[in-house]
Structure formats: structure tokens, C-alpha cells
Amino acid sequence: MEKKAWFEELLKGESDAMERAETLLKQIAEGVTGVHFPYSKIPEALQEFERQRSN
């Protein structure tokens, strides 16, 4: 797959992925965990990138 097409395909699910990751981070902050509790801090990184890009 062409790089541009791959990137565009990846962006299609961005909002859903961000929402799920933010939900997991909130659950972790509330102490909800389990044996298999994957999470990512990517939403925090993307928000920081957007903040810096706006400045």
C-alpha cells in the first residue's frame, strides 16, 4: 500500500482510538486495572503536538 494511502487509512480511526485510549487512562487514574489492561499515552502526545503546532 502506498504510504499516503496507509496514512489516510490510519487517520480514519483516529477519533475512535483517541476516545478508547482516553477512557482507559481515566480508568487507570481511578484505580481500575486487571490482568490484561493495555493502554497508551498516545492521546496525551497527540494533544501536546497539536498544542505546540498551534503556538
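Colleague: What covers the buried residues of H2?

Modeller: Helix H3 (42-54) is part of that cover. Bear in mind that this is a predicted model.

Colleague: Which residues of H2 are buried, and what makes them count as such?

Modeller: They are Met18, Ala21 and Leu25. Buried means under 20% relative accessible area, so each of the three falls below that cut-off.

Colleague: And why do you say they line one face of the helix?

Modeller: Looking down the axis of H2, the buried residues fall within an arc of 70°, so they share one face.

Colleague: What does the face turned away from the buried side carry?

Modeller: Ser15, Glu19, Arg20 and Lys26 sit there, and they are exposed. That label takes over 50% relative accessible area, so these four pass it.

Colleague: How do you know that the span of H2 agrees with its number of residues?

Modeller: H2 runs over residues 14-29, which is 16 residues. At 1.5 Å a residue the helix should span 22 Å, and the end C-alpha atoms are 22 Å apart, so the two agree. Just after H2, Gly31 takes a positive phi of about 90°.

Colleague: Over to H1. What makes Trp6, Phe7, Leu10 and Leu11 a patch?

Modeller: They are nonpolar surface residues with about 430 Å² of accessible area together. Patch members need over 30% relative accessible area, with nonpolar side chains joined within 5 Å, so these four meet that rule. Leu10 belongs to helix H1 (residues 3-12).

Colleague: Why is the pattern of the chain written α-α-α?

Modeller: The protein chain has three helices and zero strands. Buried residues make up 7% of its 55 residues.

Technical notes:
Residues are numbered from 1 along each chain as its sequence is written. This is a predicted model: local features need pLDDT of at least 70, side-chain atom pairs count only at pLDDT 80 or more; totals for chains, interfaces and linings use all residues. Side-chain values use heavy atoms; hydrogens and water are left out. Patches are made of residues with over 30% relative accessible area and no salt bridge: like charges are joined within 9 Å, nonpolar side chains (Val, Leu, Ile, Met, Phe, Trp, Tyr) within 5 Å. Accessible areas come from the Shrake-Rupley method with a 1.4 Å probe; for residues, only the protein chains shown count as cover. Helices (H or I, at least four residues) and strands (E, at least two) are DSSP runs, numbered from the N terminus. Buried means under 20% relative accessible area, exposed over 50%, partly exposed in between (1.4 Å probe, protein chains only). The expected span of a helix is 1.5 Å times one less than its number of residues. The arc is that of the directions from the helix axis to the C-beta atoms. Contact means heavy atoms within 4.5 Å.
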